[in-house]
Amino acid sequence: MAQQQQISLPAKLINGGIAGIVGVTCVFPIDLAKTRLQNQRSGQQLYKNMMDCLIKTVKSEGYFGMYRGAAVNLTLVTPEKAIKLAANDFFRHRLSKDGGRLTVFKEMLAGCCAGMCQVVITTPMEMLKIQLQDAGRLAAQQRMAPSVATTLKMGGTSAVLSRSYNSSPAPQVTRVSATQITRELLRTKGVTGLYRGLGATLMRDIPFSVLYFPLFAHLHQLGQRSSEDPSVPFYWSFMSGCLAGSMAAVAVSPCDVVKTRLQSLNKGANEETYNGVVDCVRKILRKEGPGAFLKGAGCRALVIAPLFGIVQVVYFVGVGDFLLGYTPYNIYSA
């Protein structure tokens with residue numbers, strides 16, 4: 001069993017990468033709407049809901065405006081999803097005794113460790129993605145109030161980081177690449193600039209993994225044909241991934257709102273800055289009320305459900321195993 005686990009690791013990495021790319025491509029516009037809904041403040045609402053956000057985005061930025069920041073995700077989602085799934089598999093295997101079934105606590109512990117591992121990639125990926133996704137919202141805010149300049153509140157000014165948000169008689173979303181933002185952050189803030197909001201990312205991803213992986217494992221087990229035949233139809237893997245993903249996503253949605261606010265370097269007019277997680281939570285509660293922590297929760301559920309459904313189908317079908325010539329096997333059969 002240990003040898004099989006070791007041999008199959010490259011296949012698991014390929015599975016996670018392929019699934020992440022396919023999933024992100026399908027749901028990225030909804031993720032963009034989520035980011036913009038989470039960042040807009042009460043009294044400055046440009047978008048009523050997800051559909052209103054997507055329609056206005058297409059009108060003002062074109063069809064590909066819905067995919068701003070997608071290149072960052074498509075580049076980094078492969079190592080992110082691969083690390084997340086492979087780490088969970090690794091820790092489940094290590095925590096099991098002689099291939100025995102894991103207790104719920106150990107399943108949650110394995111998920112916790114997987115969530116901690118993935119933030120190495122997730123934090124900078126989300127950091128860059130959010131800057132690109134939110135550019136259109138800030139430009140639209142300027143068009144509604146062109147006399148009010150959008151300001152950069154990050155402890156200094158930067159031509160590159162503020163390029164997408166400058167004021168003009170008819171503000172447009174100036175194209176700025178993730179590479180330019182990365183270079184500027186490294187120059188002005190160092191490596192820590194890419195890991196802004198790390199605490200909030202851990203606060204979101206660890207509980208998500210703690211909830212998701214055990215829930216998925218138990219839902220998936222319900223689809224086994226019999227004790228003698230532990231195989232599960234692919235559609236059951238998809239449904240299990242969708243249900244577990246959406247439930248875990250909604251549960252940690254307040255943490256996602258805090259993370260998005262903290263990682264947004266550029267603020268519109270009259271939008272406050274935050275000094276850490278506690279300060280962010282306090283200001284949101286005082287100025288926007290508890291309901292603000294559920295902004296974009298529906299969008300996040302719509303993003304995570306099909307994303308993890310696709311991930312689990314690719315993972316359990318064993319695309320990576322097939323490409324490498326291995327025999328697919330069920331990681332949860334132990």
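1. Helix α9 (residues 234–251) supplies the largest share of a nonpolar patch, four residues of it. The members are Phe 234, Tyr 235, Phe 238, Met 239 and Val 317, and together they put about 520 Å² of accessible area on the surface. Bear in mind that this is a predicted model, here and in everything below.

2. Take Tyr 235 from that patch. Its place is in helix α9, and at 46% relative accessibility it counts as partly exposed. That value falls short of the exposed class because exposed here means over 50%.

3. Just ahead of that helix, have a look at Leu 222, in the loop between α8 (198–221) and α9. Leu 222 is exposed, with 65% relative accessibility. Its C-alpha atom is 9.3 Å from that of Ser 240, and the two residues are 18 apart along the chain.

4. Now for the charges. The structure has 18 salt bridges. Which residues are linked in a network of them? Asp 31, Lys 34, Glu 126, Lys 129, Arg 204, Asp 205, Asp 256 and Lys 259 are. I'd go through this group one piece at a time.

5. Start with Lys 129 and Asp 31, whose closest N and O atoms sit 2.8 Å apart in a salt bridge. This pair joins distant parts of the chain: Lys 129 belongs to helix α5 and Asp 31 to helix α2 (residues 9–39), with their positions 98 residues apart. Are the two partners buried or exposed? Lys 129 is buried at 2% relative accessibility, and Asp 31 is buried too, at 9%.

6. Arg 204 has two partners worth a look. With Asp 205 it makes a salt bridge whose closest N and O atoms are 2.7 Å apart. With Asp 256 the side chains meet in another, at 2.8 Å from N to O. Arg 204 sits in helix α8 and Asp 256 in helix α10, so this second pair ties together parts 52 residues apart in sequence.

7. As for accessibility around Arg 204, that residue is buried with a relative accessible area of 4%. Asp 205 is buried as well, at 3%. Asp 256 likewise counts as buried.

8. Glu 126 is another member of the network, placed in helix α5 (residues 104–144). It is buried, at 7% relative accessibility. Setting aside residues up to four places away in sequence, Glu 126 touches Arg 204, Lys 259 and Gln 263. Two of these names, Arg 204 and Lys 259, also appear in the salt-bridge network.

9. Next to Lys 259 in sequence comes Thr 260, found in helix α10 (residues 253–263). How buried is Thr 260? Its relative accessible area is 0%, so it is buried. Apart from neighbours within four places in sequence, Thr 260 is in contact with Lys 34, Thr 35, Gln 38, Asn 39 and Ile 130. Lys 34, in that contact list, is also part of the network.

10. Finally, the annotation. An unreviewed UniProt entry lists residues 13–33 and 292–317 under "transmembrane region". In the model, residues 13–33 are 100% helix and 0% strand, and the end C-alpha atoms lie 29 Å apart. Residues 292–317 come out at 81% helix and 0% strand, with 39 Å between the end C-alpha atoms. One thing to note when comparing: Asp 31, a member of the salt-bridge network, falls inside the listed span 13–33, and Val 317, from the nonpolar patch, is the end residue of the listed span 292–317.

Notes. Residues numbered from 1 in each chain as written. Predicted model: local features only at pLDDT ≥ 70, side-chain atom pairs only at ≥ 80, totals over all residues. Heavy atoms only, no water. UniProt positions renumbered as here; feature names shortened; annotations may be inferred. Helix = DSSP H or I, 4+ residues; strand = E, 2+ residues; numbered from the N terminus. Buried < 20%, exposed > 50% of the residue type's maximum accessible area, 1.4 Å probe, protein only. Contact = heavy atoms within 4.5 Å. Patch = residues over 30% accessible without salt bridge, like charges linked within 9 Å, V, L, I, M, F, W, Y side chains within 5 Å. Areas by Shrake-Rupley, 256 points an atom, 1.4 Å probe, with all protein chains shown as cover. Salt bridge = Lys/Arg side-chain N within 4 Å of Asp/Glu carboxyl O.
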